[in-house]
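Me: I'd love a close look at one part of this model, and then a walk outward from there to whatever else is worth seeing. Please keep it friendly and connected.

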Amino acid sequence: MEEIRLDKLDFRLLSELDRDCRQSIQQLARKLKTSRDIVSYRIRRLEQLKVIEGYYTLIDASRLGYILCRLYLKFRATTAETEWQLIEYLVAEKATFLVYKAQVAWDIAAGFIVKSAAEFDKKWRELQESFQPYINAYNVSTIYELVLYNRKYLVEEKYRDYAEYNTGNSAPIMLAEKELQLLRLIAPNARASLLELAKKLNVTAATAKAMIKRLEAGKVILAYKARIDFNKLGYKYYKIDLYLEYGNKRSAIQEFARRHPNVVYENRTIGGSAVEFDLEVRNEQELYDFVGAIKRQFPGVIRSFHYYHGIRSYKNSYMPE
């Protein structure tokens, strides 16, 4: 995919929308020290170029009583048609929240939001019934905490926001039906206006605003993020698994990764590796440079590692359907 040329203002704008895409045009203009017209034009242009593919609300599904599970698949004897059929199956599955096409270690990575391990097992068995002849290997794990970071690499150090958003490991709370309806509306469209939300909920804009504030205060809504196509910025997505000799260094490695500008996710799992990170980097060499930096800072700690290259995301939604 051809890299799209952007200037510093574009990257600042992307960084702000990645951090909080519900900011108003006026707020963005003030932060970027430019006019509202320029901000509006730049957003429209980034959307038209498909650098921004949409906006989503990061919701902690564990607050709604759900757990996160993950499935990796390696194909055998497939055609392009059968691989696409499997992707379509996973995207259409109401329980999935992430679906990635990948290369190297795995061919598909999918995340599930379910009420129980038994529900996930049922979903997994149903998939096997349809596609078992094409599955060469698989890995199943439970994500007890999924940590998201802002895309710090978009901007220079002085503009970086080191906030983290932890999902999957919180106690459930009771929500009113209107609050659940609001979450379903705002999950796939984080920039939906208060008036638009209020109209669909049949409440006043003031009521819709108060509901959002309650959901934010209750840590149900964690963030509002732009869905950015990193490929068009000249970046590639890699998921890396580290296996450690000494588990007592895990926290220090996690802190190292939290500060690294290219780390965008951390997966804390049962059934996965000791430490797992998702990075957006220019090329494979930068991936190896990341591992090399950890090895220099923590000599003798990494026993081995493997990774996959995420080619394309087909689904990204944190609200159970």
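Me: Are α9 and α10 oblique or roughly parallel to each other?

Reply: Happy to take a close look, with one thing said at the start: this is a predicted model. Two packed helices are described by the angle between their axes and the distance between the axes. For helix α9 (residues 250–259) and helix α10 (residues 284–297), the angle is about 135 degrees and the axes lie 11 Å apart. Angles over 145 degrees count as roughly antiparallel and 65 to 115 as roughly perpendicular, and α9 and α10 are therefore oblique to each other. Their crossing is right-handed.

Now for the residues that make this contact. On the α9 side they are I253, F256 and A257, and on the α10 side F290, A293, I294 and Q297. Sorted by class, the contact of α9 with α10 has six nonpolar residues, one polar and no charged ones.

F290 also leads to a neighbouring strand, since this α10 residue appears among the contacts of L279. L279 sits in strand β10 (residues 275–281). With a relative accessible area of 0%, L279 is buried. Setting aside neighbours within four places in sequence, L279 touches K236, Y237, Y238, I240, N262, V263, V264, L287 and F290. For a sense of scale, L279 and S116 are 163 residues apart in sequence, and their C-alpha atoms are 29 Å apart in space.

With that pair in mind, two other helix pairs are good to set beside it. Helix α4 (residues 80–92) and helix α5 (residues 117–131) have axes that come within 12 Å and cross at roughly 160 degrees. Angles over 145 degrees count as roughly antiparallel, and α4 and α5 are therefore roughly antiparallel to each other. The crossing of α4 and α5 is right-handed. From α4, the residues in contact are T82, Q85, L86, Y89 and L90, and from α5 they are E126, L127, S130 and F131. By class, the contact of α4 with α5 comes to five nonpolar, three polar and one charged residues.

The other pair is helix α1 (residues 8–19) with helix α3 (residues 36–48), whose axes come within 11 Å and cross at roughly 80 degrees. That angle falls in the range from 65 to 115 degrees, and α1 and α3 are therefore roughly perpendicular to each other. In α1, L9, D10, L13, L14 and L17 take part, meeting I38, V39, R42, I43, R45 and L46 of α3. The residues of the contact of α1 with α3 divide into eight nonpolar, no polar and three charged.

L17 of that contact points us onward, as it is one of the residues that K225 touches. K225 belongs to strand β7 (residues 221–228). Buried means under 20% relative accessible area, so at 2% this lysine, K225, counts as buried. Beyond neighbours within four places in sequence, K225 is in contact with L17, D18, C21, G54, Y55, Y56, Y149, N150 and Y165. K225 and L127 are 98 residues apart in sequence, and 30 Å separates their C-alpha atoms.

Y165 is shared with another residue to visit: L58 is in contact with Y165 too. L58 is found in strand β1 (residues 52–59) and counts as buried at 0% relative accessibility. The other contacts of L58, leaving aside neighbours within four places in sequence, are L148, T167, V220, I221, L222, A223 and Y318. The C-alpha atoms of L58 and K213 are separated by 14 Å, with their positions 155 residues apart along the chain.

C21, one of the residues touched by K225, brings us to the cysteines. C21 counts as buried at 0% relative accessibility, and C69 counts as buried at 2%. With a cut-off of 2.5 Å between cysteine sulfur atoms, the count comes to zero disulfides.

Last, a look at the backbone. K33 has a positive phi of about 55 degrees although it is not a glycine. K33 lies in the loop between α2 (25–32) and α3, and at 77% relative accessibility K33 counts as exposed. V104 is another non-glycine residue with positive phi, near 85 degrees. V104 is placed in strand β3 (residues 96–104), and with a relative accessible area of 48% V104 is partly exposed.

Note on methods
Residues are numbered from 1 along each chain as its sequence is written. This is a predicted model: local features need pLDDT of at least 70, side-chain atom pairs count only at pLDDT 80 or more; totals for chains, interfaces and linings use all residues. Side-chain values use heavy atoms; hydrogens and water are left out. Buried means under 20% relative accessible area, exposed over 50%, partly exposed in between (1.4 Å probe, protein chains only). Axes are lines fitted to C-alpha atoms, for helices over the stretch in contact, and angles run from 0 to 180 degrees between N-to-C directions. Helices (H or I, at least four residues) and strands (E, at least two) are DSSP runs, numbered from the N terminus. Angles under 35 degrees count as roughly parallel, over 145 as roughly antiparallel, 65 to 115 as roughly perpendicular and the rest as oblique. A crossing is left-handed if the near helix is turned anticlockwise from the far one by less than a right angle, and right-handed if clockwise. Contact means heavy atoms within 4.5 Å. Ala, Val, Leu, Ile, Met, Phe, Trp, Tyr, Cys and Pro count as nonpolar, Asp, Glu, Lys and Arg as charged, and the others, Gly among them, as polar.
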